[in-house]
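Colleague: I would like a close look at a single part of this model. Please take me through the strands and what surrounds them.

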Amino acid sequence: MPGNGSLGAYLRELRTRLDPAALGYASGRRRTPGLRREEVAQRARISATWYSWLEQGRGGAPSAEALDRLAKALMLTEVEREHLFLLGLGRPPEVRYQPPGGVTPRLQRVLDALDACPAMIRTATWDVVAWNQAAAAVLTDYGALRSAERNVLRLIFLDPRTRAADFDWESAARFVVGVFRGDAARAGAAATVQPLVDELCAKSPDFATMWRDSEVHSACEGVKRLRHPVLGEIALEFSAFAVDGRPDLAMLVYTPLSADDAARIRALAAAHAD
């Protein structure tokens, strides 16, 4: 059973950090910084008495709905919201998908440092939101596509050039569909991806068949073999990495299997950037 005392202390700390004036409350004479208990209760649309009890450690176990209201009232980040649930209910909140807003300059620099390895950042819905020059030169020139088209599933199933470039297209496509299904479910994005699923089922019989198979895979590692118009036949090991602090994102890195291939990719990426 989670400790209400710890929850109460955390709630008190959170409300003292808020600026009453910025939230439309009179900032006059206040004994302590931040919002008053009744103001938090008003913002969360809960009983002021029950909220006071909660801070005092005697309000009983709160519901998930009440904690969600408090998280919004206290303007919590996702990390703070998760901690609130852990204190109040002993478990994290149910996953809710929020479309990411791009990557930091630091993360882009990590991609750019991999000059011989095609690398990208993808979302749980397999939208590509960042990439390096090697990825643009070897895989797909994402910068030449509209943002809505920068989706790995759309490219695999609807772009003839992507399909023709893969030595074992069916195996690769089936693997990606299984990972996509698992990623969307874990991220709470099933409803978000449904329009994409419907579109692909309508436009690609292959996707419709693979989606009905209900396979689920975890993104780990493997080898991707490509027919490239400049490089010819090339094999790349692929690995997936979590992005620290961004559970909505994953980094995919494709590593050439030979030093010669690495040198050729590096030269092609440099030429592509010019």
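Modeller: Start with a hairpin. Strand 3 and strand 4 form it, with three residues between them. Keep in mind that this is a predicted model. Strand 3 covers residues 221-228, and strand 4 covers residues 232-243. The two strands run antiparallel, and eight bridges join them. Two facing positions help to set the register. Val 223 stands opposite Glu 237 in strand 4. Arg 227 stands opposite Glu 233, also in strand 4.

Stay with Arg 227 for a moment. Besides facing Glu 233, Arg 227 lies over the face of Phe 167, at 4.2 Å from the ring centre.

Now move on to the next hairpin. Strand 4 pairs with strand 5 through eight bridges, and this pairing is antiparallel too. Strand 5 spans residues 246-256. Two residues separate strand 4 from strand 5 in this hairpin. Gly 245 sits in the turn and has a positive phi of about 80°. Further along, Leu 236 stands opposite Pro 256 in strand 5. Strand 4 therefore has a partner in strand 3 and another in strand 5, as the DSSP bridges define pairing.

Next, the rings. The structure holds seven aromatic pairs. One of them is Trp 131 with Tyr 142, a tilted pair at 5.5 Å centre to centre with 50° between the planes. This pair links distant parts of the chain, eleven residues apart. Trp 131 belongs to strand 2 (residues 128-131), while Tyr 142 lies in the loop between helix 7 (133-138) and helix 8 (152-158). Tyr 142 is buried, because its relative accessible area is 3%, under the 20% limit.

A second pair brings us back to the hairpin of strands 4 and 5. The ring centres of Phe 238 and Tyr 254 are 6.2 Å apart and their planes meet at 50°, so this pair is tilted. Phe 238 is in strand 4 and Tyr 254 is in strand 5, 16 residues apart. Both rings belong to buried residues: Phe 238 has a relative accessible area of 18%, and Tyr 254 is at 10%.

There is also a cluster of aromatic residues. Phe 157, Trp 169, Phe 180, Phe 207 and Trp 211 make it up. A charged residue sits over one of its members. Arg 181 lies over the face of Trp 211, at 4.1 Å from the ring centre.

Finally, the strands help to line a pocket. The largest pocket has a volume of about 1,100 Å³. Its lining counts 44 residues, and the closest to its centre are Leu 139, Thr 140, Thr 162, Lys 224 and Leu 226. Strand 3 gives the most to this lining, with seven residues. Strand 4 and strand 5 each supply at least two, as do helix 7, helix 8, helix 9 (160-165) and helix 10 (169-186). By residue type, the lining divides into 29 nonpolar, five polar and ten charged.

To pull this together, strand 3 is bridged to strand 4 and gives the most to the lining of the largest pocket. Strand 4 is in turn bridged to strand 5, and the Phe 238 and Tyr 254 pair links these two strands.

Methods:
Residues numbered from 1 in each chain as written. Predicted model: local features only at pLDDT ≥ 70, side-chain atom pairs only at ≥ 80, totals over all residues. Heavy atoms only, no water. Phe/Tyr/Trp six-rings, centres within 6.5 Å; stacked < 30°, edge-to-face > 60°. Helix = DSSP H or I, 4+ residues; strand = E, 2+ residues; numbered from the N terminus. Buried < 20%, exposed > 50% of the residue type's maximum accessible area, 1.4 Å probe, protein only. Lys NZ or Arg CZ within 6 Å of the ring centre and 35° of its normal. 1 Å grid on protein atoms, 1.4 Å probe; cavity = no way out; pocket = protein on both sides within 12 Å on 5 of 7 lines; lining within 4 Å. Points joined across faces, edges and corners; volume = space filled by probe spheres on them. Nonpolar A, V, L, I, M, F, W, Y, C, P; charged D, E, K, R; others polar.
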